[in-house]
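Student: I'd like to practise reading a structure with you. Please take me through it one feature at a time.

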Amino acid sequence: MAKKRILVTGGGGFLGSFLCERLLELDNEVICLDNFYTGSKRNIYHLLDDHRFELVRHDVTFPTYLEVDEIYNLACPASPIHYQRDPVQTVKTCVHGAINMLGLAKRVGARILQASTSEVYGDPAVHPQVESYWGNVNPIGPRSCYDEGKRCAETLFFSYHMQCALPVKVVRIFNTYGPRMHPNDGRVVSNFILQALRNQEITIYGDGTQTRSFCYRDDLIEAMIRMMASPEEITGPVNLGNPGEFTILQLAELVIELTGSHSRIVRKPLPADDPRQRRPDITRARELLAWTPTTPLREGLVATIAYFDDLLKSDPEFCR
């Protein structure tokens, strides 16, 4: 297979860094582009000595001029704490970032993949969520900068595909977890693990009966690479996630068990527009990509807990 020159925007992030790593393992040249708003250089330090790896500090809301064969567009804060901190910039990252990357792909003739999100479904009235479902999104709520930003990015991708015959790929990523999650991203898995390791109260918002589906990062990265390599007519959108569904309370109890924590569970009011149910229908991914996640939640949590345990011991300041 011919070596490719591949651009990964958001390559210093949780998923982006693993994607860079995996693409190098497949003997490609990789350009990691990140402004490190939420990504971290610690995620890609071990790649810097590889002559096939290049790090570019850049904000995707501004154009960039590179020569590449493929583009994975992952650049965007993905946790509510981070994307709500500067909602205008979040919208710009989604929309201007998509425009700039699509323009680059058009100029150099590159295939481009958009890392979209299950948040495009909002608080879904259809369960599980299928790609044909248009969603139930509040366009002016506290999460709309991300939800609607990603929806607009999908519109841009398919507009470029229809108008310019650009080879695009769109995947909708459901809750994903694993080592290198940012300790302060406010996501439920990292929150619960850190609270449990510190024997602090574990915070559940609402009554804990809201559900999520948790996909381990190795499974997710494999699916993204398969999507990029799929025939040109497979544009998506394609749901990527683990169809196993757990309540937030079940997750909290499992984390307490696996950490041996003395934490107790406390409840707080549910945030605005927080989805009650979230589970992907991955029929398309199974049929088009021959992909299904293989990592059980318990196994993935063990690896993630070990990562955070080491991080707390080696760099407690980073976890504050």
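Tutor: Let's start with E257, which counts as partly exposed at 47% relative accessibility. The cut-offs are these: buried is under 20% relative accessible area, exposed is over 50%, and partly exposed is in between (1.4 Å probe, protein chains only). Keep in mind that this is a predicted model, where local features need pLDDT of at least 70 and side-chain atom pairs count only at pLDDT 80 or more, while totals for chains, interfaces and linings use all residues. Residues are numbered from 1 along each chain as its sequence is written, and side-chain values use heavy atoms, with hydrogens and water left out.

Student: Where does E257 lie?

Tutor: Helices (H or I, at least four residues) and strands (E, at least two) are DSSP runs, numbered from the N terminus. E257 lies in helix 7, residues 248-259.

Student: Which side chain does the side chain of E257 join in a polar contact?

Tutor: A polar contact is a pair of N or O atoms within 3.5 Å; within protein, one must be able to donate a hydrogen and the other to accept it, and residues adjacent in sequence count only if both atoms are side-chain atoms. Here the partner is R298, at 2.9 Å. For a sense of scale, E257 and E154 sit 40 Å apart, C-alpha to C-alpha, with their positions 103 residues apart in sequence.

Student: On to the sheet. What is the order of its strands?

Tutor: Pairing comes before order: two strands pair if DSSP finds at least two bridges between them. This open sheet has seven strands in the order 3-2-1-4-5-6-11, with parallel pairing. Strand 3 (53-57) and strand 11 (238-240) are the edge strands, each pairing on one side only. From one strand to the next, the twist averages 20°.

Student: How many bridges join strand 1 to strand 4?

Tutor: Four, and strand 1 (residues 5-9) runs parallel to strand 4. I6 stands opposite E70 there. On to strand 5 (residues 111-117): strand 4 pairs with it in the parallel sense over four bridges, and N73 stands opposite Q114. Strand 1 also pairs in the parallel sense with strand 2 (residues 29-34), over five bridges, and T9 has L33 as its bridge partner in strand 2.

Student: Which residues cover each side of strand 4?

Tutor: Look at alternate residues along strand 4 (residues 70-73): E70 and Y72 are on one side, I71 and N73 on the other, and all are buried, so both faces are covered.

Student: What lies across strand 1?

Tutor: Helix 1 (residues 14-25) does, and it also lies across strand 2, strand 3 and strand 4. The helix runs at about 170° to strand 1. To read that value, note that axes are lines fitted to C-alpha atoms, for helices over the stretch in contact, and angles run from 0 to 180 degrees between N-to-C directions. Contact means heavy atoms within 4.5 Å.

Student: How many residues does the largest nonpolar core have?

Tutor: A nonpolar core is a set of buried Ala, Val, Leu, Ile, Met, Phe, Trp, Tyr and Cys residues joined through side-chain atoms within 4.5 Å. The largest has 61 residues, with L19, Y72, M224, L240 and L301 making the most contacts inside it. A second, separate core has 28 residues, including C76, A98, I112 and A153. Back at L240, its contacts beyond four places in sequence include F174, L220, M224 and W291.

Student: Why does the length of helix 6 agree with what it should span?

Tutor: The expected span of a helix is 1.5 Å times one less than its number of residues. Helix 6 (residues 217-229) has 13 residues and should span 18 Å; its end C-alpha atoms are 19 Å apart, which agrees. Its buried residues include L220, M224 and M228. An α-helix has 3.6 residues a turn, so residues three or four places apart point the same way.

Student: One more, please: is T176 buried or exposed?

Tutor: Buried, with a relative accessible area of 8%. T176 has its place in strand 7 (residues 176-177), and its side chain reaches the backbone oxygen of F174 at 2.8 Å. Beyond four places in sequence, T176 touches residues including F14, R187, R217 and L220.
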